[in-house]
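Colleague: Please take a close look at one helix pair in this model and at what surrounds the pair. A connected account would suit me better than a list.

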Amino acid sequence: MAAVTPRVFVSHLSGVPVFDPNGDQVGRVRDLVAMLRVGGRPPRILGLVVEVISRRRIFLPMTRVTGVDSGQVITTGVVNMRRFEQRPTERLVLGEFLDRRVRLVEDDEEVTVLDVAIQQLPARRDWEIDKYFVRKGRGGALRRKGETLTVEWSAVSGFSLEEHGQGAENLVATFERLRPTDVANALHHLSPKRRVEVAAALDDDRLADVLEELPEDDQVEIIGKLAEERAADVLEAMDPDDAADLLSELPEDDKERLLALMRPDDAADVRRLMSYEERTAGGLMTTEPIVLRPDATVADALARVRQADLSPALAAQVYVCRSPDETPTGKYLGTVHFQRLLRDPPFTLVSSIVDSDLVPLPPDTPLPLVTSYLAAYNMVSAPVVDESGSLLGAVTVDDVLDHLLPDDWRETDLTDLHGEEGVDRGGR
């Protein structure tokens with residue numbers, strides 16, 4: 001039987017409290033941010049507008065939302081406290097969709113939108129508009145009568161973009177179904193002016209994913225054209241190792257200004273990575289592998305591994321360390337591979353199945369030795385541990401390949417492999 005995914009009417013979210021994982025209230029929901037799409041696809045929910053205690057309104061991406069139920073919203077943790085600014089490609093659901101006059105596709109009858117239902121896609125964190133609650137008849141304060149009904153999103157016209165047109169909004173909607181590497185390839189072949197316009201219209205998480213796939217000169221060009229606070233937001237959303245590589249290409253003054261605007265924890269990770277030589281394990285590693293304490297169970301490990309925003313290389317194993325469990329951690333105890341997690345009962349402690357035979361990499365290990373290590377032990381990721389025994393991060397095979405391939409490898413058009421239809425154009 002297919003799992004039932006939650007459906008929520010947005011009117012029920014207005015004013016709902018938002019809590020962090022510790023149960024502390026962050027603020028209250030004031031609106032939802034949607035993006036219209038082409039091809040008859042339902043609008044996608046990008047995130048929530050949350051009013052925090054200081055009455056400042058901030059943006060909370062849906063990728064940071066772990067629960068929407070029982071009159072509350074739960075987030076994954078730290079939120080960006082910069083003031084929300086609506087972008088040209090974004091629509092406010094409560095502010096712009098409700099009370100809007102639209103038409104039913106079936107008979108072209110005009111109706112008023114009273115409410116909107118959103119639903120989470122199965123096995124993903126993405127949310128889409130699912131249904132509309134509408135009232136037939138004329139609107140207005142003195143005329144509230146009329147038949148009400150709930151209809152599918154496809155039964156209403158006026159909530160999608162035209163297929164034709166070259167505005168940044170249309171291009172962003174067209175790119176929405178592509179993988180980040182394919183979006184990066186398309187951006188690379190646009191004119192510089194057009195490239196910056198489209199990049200600026202992407203949301204922070206999406207732009208971060210795309211920047212990681214672009215050649216360095218395009219990265220520098222785009223990040224240099226963004227407002228500094230927006231650029232800092234995007235750098236925070238990037239993998240720390242990719243953010244460090246990008247910042248290292250900027251002039252020293254620009255680099256320091258952006259680091260100062262980033263959240264202190266994110267900036268500290270990036271500064272630490274920038275302190276290592278580029279072509280070493282320390283310079284190549286990410287500071288965000290999956291870290292568990294010895295008393296965690298196999299069930300805990302599998303819950304972490306199935307997080308949708310993890311790369312396959314990082315999800316292939318977990319690292320067991322003593323507290324603290326954020327890099328740099330306490331003493332590194334060993335690795336548990338994904339296959340082993342599948343073989344043992346959920347209640348098994350990870351400390352009892354840890355693989356401690358493989359010697360971890362010191363941060364100054366040169367790139368050729370990192371490559372040999374991964375190849376010799378058939379690994380897709382390797383732990384990086386300092387001389388005190390603390391886990392600093394993990395080197396993944398994709399980061400190693402980035403430094404082994406020719407400098408212009410990102411400019412290769414992968415559609416040449418199988419033709420335009422042969423490349424997987426699915427979502428992330």
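Modeller: Contact here means heavy atoms within 4.5 Å. The model is predicted. By that contact cut-off, Pro-240, Asp-241, Ala-243, Ala-244 and Leu-247 of H8 meet Asp-269, Val-270, Leu-273 and Met-274 of H10. Sorted by type, the residues of this contact are seven nonpolar, two charged and no polar. H8 covers residues 240-247 and H10 covers residues 264-274; the two helices pack at an angle of about 65°, and their axes lie 9 Å apart. Angles of 65 to 115 degrees count as roughly perpendicular, so H8 and H10 are roughly perpendicular to each other. Their crossing is right-handed.

Leu-247, one of the H8 residues in that contact, is also among the residues with the most contacts inside the largest nonpolar core, which has 54 residues. Others in that group include Leu-235, Met-262 and Val-395. A second core, separate from this one, has 38 residues, among them Val-79, Leu-98, Ile-129 and Phe-159.

Met-262 links several of these parts: leaving out residues up to four places away in sequence, Met-262 touches Leu-247 and Val-270, as well as Arg-82, Ala-232, Leu-235, Glu-236 and Ala-267. Of these, Glu-236 is found in helix H7, residues 228-237. Buried means under 20% relative accessible area, so Glu-236, at 10% relative accessibility, counts as buried. With the sequence neighbours up to four places away again left out, Glu-236 touches Asn-80, Arg-82, Leu-261, Met-262, Arg-263 and Asp-266.

Conventions. Residues numbered from 1 in each chain as written. Predicted model: local features only at pLDDT ≥ 70, side-chain atom pairs only at ≥ 80, totals over all residues. Heavy atoms only, no water. Axes fitted to C-alpha atoms, helices over the stretch in contact; angles between N-to-C directions. Helix = DSSP H or I, 4+ residues; strand = E, 2+ residues; numbered from the N terminus. Parallel < 35°, antiparallel > 145°, perpendicular 65-115°, else oblique. Left-handed = near helix turned anticlockwise from the far one by under 90°. Nonpolar A, V, L, I, M, F, W, Y, C, P; charged D, E, K, R; others polar. Core = buried A, V, L, I, M, F, W, Y, C linked by side-chain atoms within 4.5 Å. Buried < 20%, exposed > 50% of the residue type's maximum accessible area, 1.4 Å probe, protein only.
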